[in-house]
Amino acid sequence: MSVHANKEVKKVTTHTLQRMKAVGEKISMITAYDFSFARLFDEAGIDVILVGDSASNVMAGHETTLPITLDQMIYHASSVIRGINRCFVVVDLPFGTYQANSKEALASAIRIMKETGAHAVKLEGGEEVLESVKRIVAAGIPVMGHLGLTPQSIYKFGTYTVRAKEEAEANKLRQDAKLLQEAGCFGVVLEKIPAVLAKEVSESLVIPTIGIGAGMYCDGQVLVMHDMLGINTEFKPRFLRQYLNLHEQITGAVKNYVNDVKAKKFPSDKEQY
Ligand code: KIV
């Protein structure tokens with residue numbers, strides 16, 4: 001019997017995700033970067049947690065995803081893993097840890113798997129990263145692709161606007177999606193592309209597509225937790241549905257606490273020993 005016997009549940013695997021696509025059940029994915037939120041999301045029934053390199057923005061306050069390091073991603077991912085029981089955890093390979101060559105890509109993926117206990121890695125790009133995808137998959141590590149708006153290339157794009165509106169870029173994306181599937185990816189994120197293109201790509205693949213700003217026809221959806229919970233208020237793209245206004249709720253709660261402390265209303269008689 002496993003040491004986690006009291007926690008036994010049907011865990012989400014890459015096979016679960018393929019099956020969900022096959023039967024038309026949509027896949028829910030959200031980012032998380034720490035133990036406490038990962039535990040909440042797992043309890044809420046999320047299928048996949050992405051330890052995104054968006055941690056660079058929302059956790060560290062950087063403008064782009066480029067500065068975050070492999071060690072920092074490993075810290076976030078190992079915290080997330082301690083909070084989950086059922087869901088599948090994918091970790092972003094950060095910028096600069098896989099682009100140089102496939103050996104380096106494999107070494108980075110192995111560090112993530114060994115030091116965090118995560119279930120898969122994600123990397124950005126198509127044809128350019130194919131050799132790395134194949135090498136990582138050959139080592140037994142599940143890989144998720146990421147096409148469309150790939151934030152690690154923001155300085156090449158120059159803007160966070162919708163990608164693949166032009167036919168040439170759309171054609172490359174169609175081709176890249178196929179190549180990633182053939183190279184062994186178990187799924188692919190499609191970020192900020194037209195819904196009709198995402199529909200076509202989703203229908204052309206047997207592996208699931210997970211959309212962010214890619215419309216309703218993807219096999220699943222992913223949102224950054226800080227955006228969907230309303231912790232960020234300044235980021236309001238059309239694709240974002242904000243389910244809570246935590247910014248207001250948290251600042252309200254903390255203002256009340258500050259006022260109670262100043263007014264000597266906290267702690268009360270009952271809140272002391
Ligand atoms: O890092 C991230 O949060 C991501 C999602 C936007 C898909 O890659």
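**Salt bridges**

I began with a search of the whole structure for salt bridges, and it returned 11 of them; I keep in mind that this is a predicted model.

I looked up D47 and R86 and found that their side chains meet in a salt bridge, at 3.1 Å from N to O. D47 sits in the loop between α2 (35-43) and β2 (48-51), while R86 sits in the loop between α4 (70-81) and β3 (88-92), so this pair ties together parts that are 39 residues apart in sequence. I then checked the cover on each partner: D47 is buried, at a relative accessible area of 7%, whereas R86 counts as partly exposed at 25%.

My next entry is R111, which forms a salt bridge with D71, with the closest N and O atoms 2.7 Å apart. Because R111 belongs to helix α5 (residues 102-116) and D71 to helix α4, the pair ties together parts that are 40 residues apart in sequence. I read both partners as partly exposed, R111 with a relative accessible area of 29% and D71 with 48%.

The third pair I examined is E169 with R163, where the closest N and O atoms are 3.0 Å apart. Here E169 counts as partly exposed at 28% relative accessibility, and R163 counts as buried at 13%. I also noted that salt bridges with shared partners join D71, R111 and E115 into one network.

**Helix α8**

Does the length of α8 agree or disagree with the span expected at 1.5 Å a residue? I find that it agrees: the 17 residues of helix α8 (residues 167-183) should span 24 Å, and the end C-alpha atoms are 24 Å apart.

I listed the buried residues of α8 as A170, L173, D176, A177, L179, L180 and A183. For the spacing in such a list I recall that an α-helix has 3.6 residues a turn, so residues three or four places apart point the same way. The buried residues of α8 pack against α6 (130-138), β5 (143-148), β6 (187-191) and α9 (195-204). After α8 comes G184, and I note that its phi is positive, near 110°.

**Strand β6 and its neighbours**

I turned to β6, which is mostly covered, with five of its five residues buried. From this strand G187, V189 and E191 point one way, V188 and L190 point the other way, and all are buried.

On pairing, I found that β5 and β6 run parallel over five bridges, with V188 of β6 as the bridge partner of G145. β6 is also joined to strand β7 (residues 209-212) in the parallel sense by four bridges, and in that pairing V188 stands opposite T209.

I followed the pairing onward from β7, which two bridges join to β8 in the parallel sense, where I210 stands opposite G220. Strand β8 (residues 220-223) pairs in turn with strand β1 (residues 27-31), again parallel, over four bridges, and the bridge partner of S28 there is Q221.

**A nonpolar surface patch**

My last lookup concerned nonpolar side chains on the surface, where I250, V254, Y257, V258, V261 and F266 form a patch with about 500 Å² of accessible area together. Of these I checked V261, which is found in helix α11 (residues 246-262). V261 has a relative accessible area of 38%, so I enter it as partly exposed.

Terms used:
Residues are numbered from 1 along each chain as its sequence is written. This is a predicted model: local features need pLDDT of at least 70, side-chain atom pairs count only at pLDDT 80 or more; totals for chains, interfaces and linings use all residues. Side-chain values use heavy atoms; hydrogens and water are left out. Patches are made of residues with over 30% relative accessible area and no salt bridge: like charges are joined within 9 Å, nonpolar side chains (Val, Leu, Ile, Met, Phe, Trp, Tyr) within 5 Å. Accessible areas come from the Shrake-Rupley method with a 1.4 Å probe; for residues, only the protein chains shown count as cover. A salt bridge is a side-chain nitrogen of Lys or Arg within 4 Å of a carboxyl oxygen of Asp or Glu. Buried means under 20% relative accessible area, exposed over 50%, partly exposed in between (1.4 Å probe, protein chains only). The expected span of a helix is 1.5 Å times one less than its number of residues. Contact means heavy atoms within 4.5 Å. Two strands pair if DSSP finds at least two bridges between them.
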